[in-house]
Every structure is written in C-alpha cells, then in structure tokens.
Amino acid sequence: MAPIFKSREDRLLPYLEPLLKDMLFTEIPSQFFAGREDLSFMENVPFPVKKSEMVELTESGLSALTIADNIALVIGGNTQVKHADAYLQFLNRLFDDKLAGVFAGKAREDLRLGNYRKGLAYLRAGMMFRDDSLEAMFSYASGCRYWYTQLEGSEEDTDLVKILKEEANEYFEHVTDQYPEYAGGWYFLGYAYLNQGQYLKAQLAWKKYLDKADKDDISENESIQEIESRLETLEEPVKIERGVNLLNSGHLEEGLQILEPYVQTEYSKWWPLHFYLGCAYNELGELPEAIEGFLNVLKLSPSNLDAMDALADLYARTGDAEKSEKYTN
C-alpha cells in the first residue's frame, strides 16, 4: 500500500499550509444534520468555511459539496490538521468513491492554471479519502513533477524542487507497485530515474512500459517510439553505471576495466567519469593517474570543490606543497 498521508511526514506542509489562511472554523447550525445519516460525531467539530462564504452560511447555509471542497483544501494543505479523521469520516458518510475523482478533476484545472498549491492539495485530499485511488496517486506524482519542472533553475526554490522530486518519484513508484499493469506509471518512473542518473533503473522501467503499453492504440505510437529511442541511448550509460557501482562496492579493477575505455569516447566530456576514475586510482595508490583524473574534472567542472579537496591531498602526499596550497586555497 502507498503511505497514507496522515501517517507520514508531510514534506510539503510549509508550502501548502498557507491555503488555510483564508479559512475560518465554525460550527455548522444543527439543522444541517437534520434528516441525514448519523453525523452526530461532527456536532462539536468546527467546519472550515472561507471568509467569503460567511454571509451565505448565515443566510441559507452551505451545500455539502461546498463543505467537502473546503475540507479538501484543509486536509490537503495540512495532512495532520486537527479533526482530519472526523473530516474524512464525514466525507465517507456523504459521498462515494467518485469523490476522489472529483478532487482530481479540480486539481487538473488548477494545475493547468498554475495554481500548483491548490491543485496538489486537492490530490492529497483525494489520496487521504481513498489511499488506493490510481487517479489521485498518479495525478499527484504528475502534478509534483510538473510543478518542479516549472521551478528548476530558480535558486530561491531549491528546497521545494528537491521535495517535489522526492514526492513525484515516490508516488510513481507506488503507482507501479500497486498498479503494475498501468503503462503510464512505468513511462514516468523511467524519466524520474533518468533525472536521478539511475540509468539501469530507467532502462528496466521503460522496458516494463513497452511491455505494458497498448501497441494497438494509435495514440500510444509516438510514446512507444520515443521510449524505444531512449532505450538505445541508454545502453552506454547503463554500462558506465555498472562500472561506477563496481567501484563503489570495492571492485576497483573490474570497475576500471569497464570505465577506462570511455575516456577515449564522447563520454570523456562527462566530468563524473573522471571523478570516479580519480577516486579509484587514488584507492589503488596510483597517484599520478588520480591527479590527472581530478584535473580533468576541473577542466569540465571548474568549481568542483570535491576535486579541489582531492587534489590538495594528492599533491601534499606527492610532496608538491605549492600545488597543495593552491587547491587548499
């Protein structure tokens, strides 16, 4: 099962809780409960009401759908809000499973308009209402992904982008775990892994996508061709990742055997390749080769502090105090 929001860390709380600032919490007149199913558990629970709705509340009352909408924004904005259990019980008494789809529809419209906070709040509420809703879960992962693609490159939103990526990746994984036959989950999970530099996982996810995709659906043809092309370009990165994993697990000679030939290819412009080679040579005591590797890193990534630290240490060990001081500074 996917984690239930009310029982997991709410990483987006600081960014979505401001949605509650326009809400007032007030008791609903007792006549609202007349003739309905047992709603007595709500009599002492304050209902969220927008400030703009207060006149309507006192004159004619609010509809159940309006109250449900307000509840969605409250529990979606703060998943650990007081009375969340009572609010969810209320929704379950008055509405059927289709409510999660209603919230998802509202969310899509808000996301389309750039109201990302409100859109994600609806989707979070949908998952709290039905934690196994494919539509809510997939839309939430996609919404997080769409929002962070709009923010990437902004120095002010670095922390938010990181959280949104974590949320998107986690929920695409949950989609494929709970609904393995749903091709769309594997499609986006592959991109999530690719953005993390996890090429082998991306390759496996996209192979799953091709296996699950409907080949007879003409609308799928473009996506299928796109992923087939992506898989071809992943062959070498997957080999490189395997070499890096061998280095990280202490199999230095095997890892070097895979990675060294790539220095003579187009991947020679990929600074992490030289960084991993430098680390491996350093571990093996091959200091000149290690120095060359870290110098190559700085040619491609001039502000790489890890490479500078490594060079300061390596030059100190080889007795070149001047260069050691240079990279220390």
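Begin by selecting Lys 106 in this predicted model. Apart from neighbours within four places in sequence, Lys 106 is in contact with Asp 69 and Tyr 122. Lys 106 belongs to helix 5. Its relative accessible area is 36%, so Lys 106 counts as partly exposed. For a distance check, add Met 23: the two residues lie 83 residues apart along the chain, and their C-alpha atoms are separated by 19 Å.

**Helix 5 and helix 6**

Extend the selection to residues 98-112, which form helix 5, and to residues 116-129, which form helix 6. Their axes come within 8 Å and cross at roughly 165°. Angles over 145 degrees count as roughly antiparallel, and helix 5 and helix 6 are therefore roughly antiparallel to each other. The crossing of helix 5 past helix 6 is left-handed. On the helix 5 side, the contact is made by Leu 99, Ala 100, Phe 103, Ala 104, Lys 106, Ala 107, Asp 110 and Leu 111. On the helix 6 side, Tyr 116, Lys 118, Gly 119, Tyr 122, Leu 123, Ala 125, Gly 126 and Phe 129 take part. The starting residue, Lys 106, is thus one of the helix 5 residues in this contact.

**The nonpolar cores**

Select Ile 75 next. Which residues touch the most other members of the largest nonpolar core? They are Ile 75, Leu 120, Leu 164 and Tyr 209, in a core of 78 residues. With neighbours within four places in sequence left aside, the contacts of Ile 75 are Val 81, Ala 84, Tyr 87, Leu 88, Ala 125 and Met 128. Ala 125 is also among the helix 6 residues that meet helix 5. A second, separate core contains 26 residues, including Leu 256, Leu 287, Val 297 and Leu 298. As background, nonpolar side chains tend to be buried together in soluble globular proteins.

**His 83 and Pro 18**

Move to His 83, in the loop between helix 3 (64-77) and helix 4 (84-94). Display its backbone torsions: His 83 is not a glycine, yet it has a positive phi of about 75°. The relative accessibility of His 83 is 26%, so this residue counts as partly exposed.

Pro 18 is the next stop, in the loop between helix 1 (13-16) and strand 1 (23-26). Pro 18 has 41% relative accessibility and therefore counts as partly exposed. Add Val 74 to the selection: Pro 18 and Val 74 are 56 residues apart in sequence, with a C-alpha to C-alpha distance of 9.9 Å.

**Helix 8, then helices 9 and 11**

In helix 8 (residues 158-178), select Lys 162. Is Lys 162 buried or exposed? Its relative accessibility is 51%, so Lys 162 counts as exposed. Tyr 148 lies 14 residues from Lys 162 along the chain, and the C-alpha atoms of the pair are separated by 8.2 Å.

Now show helix 9 (residues 183-195) together with helix 11 (residues 221-248). The two axes come within 12 Å and cross at roughly 30°. Angles under 35 degrees count as roughly parallel, and helix 9 and helix 11 are therefore roughly parallel to each other. Helix 9 passes helix 11 in a crossing that is left-handed. To see where they meet, pick Tyr 187, Tyr 191 and Leu 194 in helix 9, then Ser 223, Glu 226, Ile 227, Arg 230 and Leu 234 in helix 11.

**Trp 270**

Continue to Trp 270, in the loop between helix 12 (252-259) and helix 13 (271-284). Its relative accessible area is 28%, so Trp 270 is partly exposed. Which residues does Trp 270 touch, not counting those up to four places away in sequence? They are Tyr 199, Ile 240 and Leu 300. Ser 301 is 31 residues from Trp 270 in sequence, and 9.3 Å separate the two in space, C-alpha to C-alpha.

**Cysteines**

Finish with Cys 144 and Cys 279. Cys 144 has 0% relative accessibility and therefore counts as buried, whereas Cys 279, at 31% relative accessibility, counts as partly exposed. How many disulfides does a search of the whole structure find? The search finds zero.

Methods
Residues are numbered from 1 along each chain as its sequence is written. This is a predicted model: local features need pLDDT of at least 70, side-chain atom pairs count only at pLDDT 80 or more; totals for chains, interfaces and linings use all residues. Side-chain values use heavy atoms; hydrogens and water are left out. A nonpolar core is a set of buried Ala, Val, Leu, Ile, Met, Phe, Trp, Tyr and Cys residues joined through side-chain atoms within 4.5 Å. Buried means under 20% relative accessible area, exposed over 50%, partly exposed in between (1.4 Å probe, protein chains only). Contact means heavy atoms within 4.5 Å. A disulfide is a pair of cysteine sulfur atoms within 2.5 Å. Axes are lines fitted to C-alpha atoms, for helices over the stretch in contact, and angles run from 0 to 180 degrees between N-to-C directions. Helices (H or I, at least four residues) and strands (E, at least two) are DSSP runs, numbered from the N terminus. Angles under 35 degrees count as roughly parallel, over 145 as roughly antiparallel, 65 to 115 as roughly perpendicular and the rest as oblique. A crossing is left-handed if the near helix is turned anticlockwise from the far one by less than a right angle, and right-handed if clockwise.
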